Amino acid sequence: MRALVGPRVAAGAGTDEPLTRLTTLCTAAVGTLPASGVGVSLMTQAGLFSLAAASDPVAESLCELQLTLGEGPCIDAWASRRPVLEPDLAVLPASRWTAYAPAALAFGVRAVFSFPLQVGAAQLGAMDVYRFSAGVLSTDALGLALAFADVTVEVLLDAQDAAVPGTAGGVLDDALDSHYVVYQAQGMTMVDLGVSLTEAMARMRAHAFAADRSLHDVARDVVHGRLRLQPDPA
Amino acid sequence: MPTVAPDRLAAVFVEIADTLVDDFDVIEFLQMITARTSELVSVPAVGLLLADSRGRLQFMAASDEATRLLELFQLQHNEGPCLDAFTTGAQVVNADLGHAASRWPAFAPRASAGGFRSVHALPLRLRTTVIGALNLFGTDAGVLEPADVKVVQALADIATIGLLQEKAIRHGEVVTEQLQHALNSRVVIEQAKGALARIHGVDVDAAFVMLRSYARNHNRKLVDLARLVVTDPAQVPGLVR
C-alpha cells in the first residue's frame, strides 16, 4: 500500500510547504483510490475545525460546508475516533446529517468516507474522500485510504517542526513505527518536554531524522532511559 | 490439562453478555477475554492480536501485560503461531516450542527463553475473514484437549463478535470502523503508560498497574482514563499527581 502512496507523495516532498504537500496528497489520493475528491480538515488548538487542503473546488466546498454546518462525516470521524463510511447519502436515515446530506447530494456527491487523522490520543483532524457515484470502498481502496491518512498524519507532524524539511523518508513504511515502544516513548517525551502529545511526536520524528536513526530505535532509547529529548534552548 | 468446568464456563458467558452493552471499553473487553481464557484452561499467558489496515498483527490485550510478554506477542507480526493462524485461518494447537525451531526460527527460541514450552493460536474469524488471533502460552508440556480447544475457539469467536458489535455485518464498513477504533484505543493506552511512567519515575509495567487500578477504583473506563492522562491530566489529579 505504502509503495503506491510513496512515490506520488515524494513528488511533492521537495518543497517544505506543508499545504502544498497536503494538496499533493489529496490529488494523489483521488487518482489512486480512486475518488471524485479528497479534502483534509484540521482541528486547531482552539477546538475549531478548519480546511487545510483539498483536491479541487468541490472537495473544498464540501469540507467548508461541514465546518459551517457543524455536522458531517469529518466531524463524526473526529469525534468518534473511527472511520465514518457512508456509501450512499441518498439512503441515510432522516435524522443523520439533516443539513449536510442534502447539500452534499446537491453537489452531486453520493458517497463519503471520512478517516480520522490520529495517533492514539493525538487527534489532528480528518480526511474526507468523496465520490459522485454510490457504492462501498473496496477492501483495497480502504487500505489505501488508511495509508493516505497515515501519510497525512506524518506530513502534519513534520510540518510542526520547521527544522525538518518535507522528508520523503518519513513516507516510506517502517514496520516498527507502530511498535508499542514508539507510543510509550511519545507519552514519555510529552512529559519530558512539557508539550502536547502531537508536538512530542513531531519532536521525536525530528530527532530521528536529525540523528539519522529510525523512530523505533529512538523510541527504545527513550523507553529504556538512555535518551531524554530536551526542550529547545530559548 | 483439565477440561473446562461447565459452570465456570457459563459464568464467563454471562460476564461477557453483561459487558457487550453500548459504549463498552474495547480494550477492557479484550483483556477480560484473555484473562478468562487463561483461567478456564489454566494457561499462564494469553494474548490477543488484531491485524491493522496493512495486514500486520498488532498486540491488543493480554491476561498479563508485562512488557516481556508484550514483546513475545508483538514479535509475531513477522513469524509465529499467530501469524500462521491469521494467514491460514487454521488453528495452531499444542505446538511444542522445544521442537519448533525450524518452524519458527526467530520466535521459538525467544518463547522458550521466556520459560514457555507450548504455544497455541486460534484465528479470530468473521465468516470468511480472519481479523486476528488469540495466542496461548503454556509452561508445562500439557496439551489442550479437543474439548478445551472448542471452548477457546468459542471465546475467540465471541471476542470477534464483541469487537464488531453487530451480528449482521454489512459489507466491510463496520469491520473497518470498529477495528480502527480498537487499534487506536490500544495506542492511547501505550501513550498513557509512557506518560505515567515518566511522571512517577516507574517502569511502564508499573505505570499500567497504576492506570488499571485507578480505573477500577474510580469506576472509569480504561481507554477514557488513558486518554485523559495524555490530553487533560487536570481531570485525573489523583493519577498524575
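Reader: What share of the contacts in chain A between residues at least 6 apart in sequence join residues at least 24 apart?

Author: Start with what counts as a contact: two residues touch here if their C-beta atoms lie within 7 Å. In this predicted model, 61% of the contacts in chain A between residues at least 6 apart join residues at least 24 apart.

Reader: Okay, and which elements make up chain A, from the N terminus on?

Author: Chain A has nine helices and five strands. Read from the N terminus, the order goes α-α-β-β-α-α-β-α-β-β-α-α-α-α.

Reader: How many of the residues of chain A count as buried?

Author: Burial is about neighbours: a residue is buried if 20 or more other C-beta atoms lie within 10 Å of its own. By that count, 51% of the 234 residues of chain A are buried.

Reader: Can we take one helix, α2 of chain A? What is its reach from first C-alpha to last, and which residues are buried?

Author: Sure. Helix α2(A) covers residues 18–32, and its 15 residues reach 21 Å, close to the 21 Å expected at 1.5 Å a residue. Its buried residues are A:Arg21, A:Leu22, A:Thr24, A:Leu25, A:Cys26, A:Thr27, A:Ala28 and A:Ala29.

Reader: Now the contact with chain B. How many residues does it take from each chain?

Author: An interface's size is often given as the accessible area lost when the parts come together. Here we can count residues: 29 from chain A and 31 from chain B. On the chain A side, β4 (111–119), α6 (139–160) and α7 (180–193) each supply at least two residues. The largest share, ten residues, comes from α7(A).

Reader: And how do the residues on that side of chain A divide?

Author: Into 17 nonpolar, nine polar and three charged.

Conventions: Residues are numbered from 1 along each chain as its sequence is written. Chains are lettered from A and ligands numbered from 1 in the order in which they are written. This is a predicted model: local features need pLDDT of at least 70, side-chain atom pairs count only at pLDDT 80 or more; totals for chains, interfaces and linings use all residues. Helices (H or I, at least four residues) and strands (E, at least two) are DSSP runs, numbered from the N terminus. The expected span of a helix is 1.5 Å times one less than its number of residues. A residue is buried if 20 or more other C-beta atoms lie within 10 Å of its own, exposed if 12 or fewer, and partly exposed in between; C-beta atoms are placed from the backbone. Ala, Val, Leu, Ile, Met, Phe, Trp, Tyr, Cys and Pro count as nonpolar, Asp, Glu, Lys and Arg as charged, and the others, Gly among them, as polar.
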